[in-house]
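Trainee: Could you take me through one part of this model closely? I'd like to look at the place where the two chains meet, and then get a feel for the chains behind it.

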Amino acid sequence: MKLLIANRGEIALRIIRAARKLGLPSIAVYSEADKTALHVQEADEAYLLGPAPSAESYLNQKKILAIAKQAKAKLIHPGYGFLSENASFAKACEKEKITFIGPSSKTISLLGNKFKAKQLAKKCKVPILSDSSTEIKTIKELHTYCKNIKFPILLKAVDGGGGKGIRIVNKASETESAFKLASSEAQTAFNNPKIYIEPYLKKARHIEIQVIADTKGNIVPLGERECSIQRRFQKLIEETPSPFMTATLRSEMEKAAVALFRASNYVNAGTVEFLVDPKKNFFFLEVNTRLQVEHPITEMVYNIDLVAEQIQIALGKRLSILKKPRAKGHAMELRLCAEDPDNNFYPSTGTIDYLEEPVDKNLRLDSSLFLNMTVTHHYDSLLAKCISWGKTRKEVLQQLKKALSDFHISGIATNIPFFKQLLSHPSFKEGEVDTQFLDQVFTQKEKKEQATPFQAALSALLHHLKKETTTSFKDKETKLTKWQTKNRVHNELQSRNWKKAFSG
Amino acid sequence: MNYKVEIGKKRFPVKLEKSGQDWLVEVGKERFTFSDLNQLGSSLFSFTHKKKKQFATTQFDSNKCTYWIENTQVNASVFSPTFSKEKNNQQSKSIQINSVMPGMVKKINIKVGDQTEKGMSLIVLEAMKMENEIVAPQSGIITHIYVHENQSVETNTPLIEIKKSGDK
């Protein structure tokens, strides 16, 4: 039984590993920009989708289904992003008798509309933030609504997810431009420009509950993930357990999440997102009807393979666990992205001309990186996830710090230097963070120390060497083969470490 | 080789000298020795200083040198004695707005001849699925638009030229 992966990057590799573990052959699809990508090399079969832009490749439903039929795939895993929360794609799969690995199209469409999802939460007696009672289509409607409203507010895409189509509005004068951006981003990402309004909680944490459910009616919650470290509504660090969590709060939130799963007839893995205020009141945000980027930290602490579990559920099998396993230790994930910390964290593109990845006992690297890889602006900026497990949070922080100093990438800018500074920040070390931490508390300027003669010496030296070597750098190509061999060994070590972490 | 280095408000005179495989660097009265210098990739260097191997991730833009070493980010300007003083663009009545990132021009909100106010949205750039607005840094009149919608741009691609208001 073949499994087609309708995705790219690290998540495509992650799904290939799970398929292989279950003895299922994997089929990769790829765009012209990804011809040399690792998921294409690793899968048992690979098919070209089309040109680089997502709309012509990874979002091209017809083409993906045609390939699935041609290659005789019985299962499709959508990963995250792209078509993963697209009800019409799930429905098209159902029609073609191809198993979509995720909840039914009905469940996706119910929970995918954030507005309807909130009403369902209300029915389940799950607390929600008060909000607009209608979906907003035009700026005129928004103006009418905003007449008697308290700022700041959030504008959010009705069909949103992944932090796209969201804008904060601090005062009335910002409304129009924020609406235009949110609405147009929502149109591009979700093909629906409608937005809704939510009050913006300034001091809140973003905490989510992982749940898995099978076709037999078993629903098991798997604890929380703390995701408060965000920039522009994109998560950067996740950890479990949350330093803020108590046993009572966890069990209340898990109960709420399970109630929502039951009410929406949810089958497969999913995540219920909440905002938690400083007084430990929680409010329902949305349900992500897919595998999350940050799923590995739950896997490390609960010793479960969520992707394998997803595939088994889709095949009609019972969950491998019928009640929540005991949590062990602490896990944290850093999302390494192609972003320039010296240029407002805007995306950085280019070709990777040197790569050294860290290896450690309890370190798991879910990475799509390889030497000579070209990073384009067409897709998400996520390059790799650095996941650490340890007995304590302190142990995890130490291991991640070491991993970062052993991680060397050249040719594009990455957020590695930013993580190095963040992991040393006193508030972060104590786990005292909220969703505003990055924007308000943590600024790199603050870390700037007095300039030293050593820094000046190095500046002049690097500048001088750069001038000398701009033309000669390309001569390094003879060394690449040696590097690739080394890199291959690295990858094997990674997966070996990972297996060990799972069995132990 | 002699250089002048500026970091923040501090200025340092720096003298570089190659001695065998090592580099001797003098900053005022202080001396540093760097050995095993190696450019690993276009933006990555490694070296040994005081017996400790270190890595520096770099970014260069003419005389600007930015690097990260361990937890520290250093933004320096490096001038050689022959390097003409920084170009002074203060006199210019027009400003050119360049792309701050690679991406695609999603939308152009203005046309040549339009009057802009400071903070007005000029162009929407899309990169890696996020939309970013390029706003006018000052009021003026649009004199050039160098790009069209759906065009891919790199960092520093010229986008728009604005002529300051009140000038001829």
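**Where chain B meets chain A**

Mentor: Sure, and keep in mind that this is a predicted model. Let's start with polar contacts: across the interface of chain B and chain A there are 22 residue pairs in polar contact, counting pairs with both residues at pLDDT 80 or more. Salt bridges tell another story, with a count of zero between chain B and chain A. On the chain B side, the part that touches chain A draws its largest share from strand β4 (residues 30-41) of chain B, which supplies seven residues. If you sort that side of chain B by class, you get 35 nonpolar, 17 polar and nine charged residues.

Now for the extent of the contact. Chain B puts in 61 residues and chain A puts in 63 residues. People often describe how big an interface is by the accessible area that is lost when the parts come together. Here the area buried between chain B and chain A is about 5400 Å², and carbon and sulfur atoms give 63% of that. Want some residues to click on? Within chain B, the ones that lose the most area to chain A are M128(B), K129(B) and E131(B), and together they make up 14% of what that side buries.

Next, step back to chain B as a whole. Chain B has 16 strands and zero helices. Its radius of gyration is 21 Å, well over the 15 Å that the globule rule gives for 168 residues, so chain B is more spread out than a compact globule. Along the principal axes, the C-alpha trace of chain B spans about 60 × 40 × 25 Å. You can also split chain B into domain 1 (2-79) and domain 2 (84-164), and the C-alpha centres of those two domains of chain B lie 34 Å apart.

Chain A is the partner, so give it a turn too. The secondary structure of chain A comes to 18 helices and 22 strands. Chain A has a radius of gyration of 23 Å, which agrees with the value near 23 Å for a compact globule with 504 residues. Its C-alpha atoms fill a box of roughly 65 × 55 × 45 Å along the principal axes. The domain assignment of chain A gives domain 1 (2-101), domain 2 (130-199) and domain 3 (205-439). Between the C-alpha centres of domain 1 and domain 2 of chain A there are 32 Å.

Back to salt bridges for a moment: there are zero between chain B and chain A, but the count over all chains comes to 39. One of chain A's joins the side chains of D366(A) and R17(A), at 3.3 Å from N to O. That pair links distant parts of the chain, with D366(A) in strand β19 (residues 363-367) and R17(A) in helix α1 (residues 9-21) of chain A, 349 residues apart.

Finally, a few backbone details in chain A to hunt for. A cis peptide bond joins F151(A) and P152(A), with omega about 0 degrees, and P152(A) sits in the loop between α7 (139-146) and β6 (153-161) of chain A. Another cis peptide bond joins T240(A) and P241(A), with omega about -5 degrees; look for P241(A) in the loop between β11 (234-240) and α9 (247-263) of chain A. Then there's K125(A), whose phi is near 65 degrees, a positive value in a residue other than glycine. You'll find K125(A) in the loop between α6 (114-123) and α7 of chain A.

Notes: Residues numbered from 1 in each chain as written. Chains lettered and ligands numbered in written order. Predicted model: local features only at pLDDT ≥ 70, side-chain atom pairs only at ≥ 80, totals over all residues. Heavy atoms only, no water. Contact = heavy atoms within 4.5 Å. Buried area = accessible area lost by both parts, 1.4 Å probe. Salt bridge = Lys/Arg side-chain N within 4 Å of Asp/Glu carboxyl O. Polar contact = N/O pair within 3.5 Å; in protein donor to acceptor, adjacent residues only side chain to side chain. Helix = DSSP H or I, 4+ residues; strand = E, 2+ residues; numbered from the N terminus. Nonpolar A, V, L, I, M, F, W, Y, C, P; charged D, E, K, R; others polar. Domains from an automatic or database assignment. Rg over C-alpha atoms; globule rule 2.2 N^0.38 Å.
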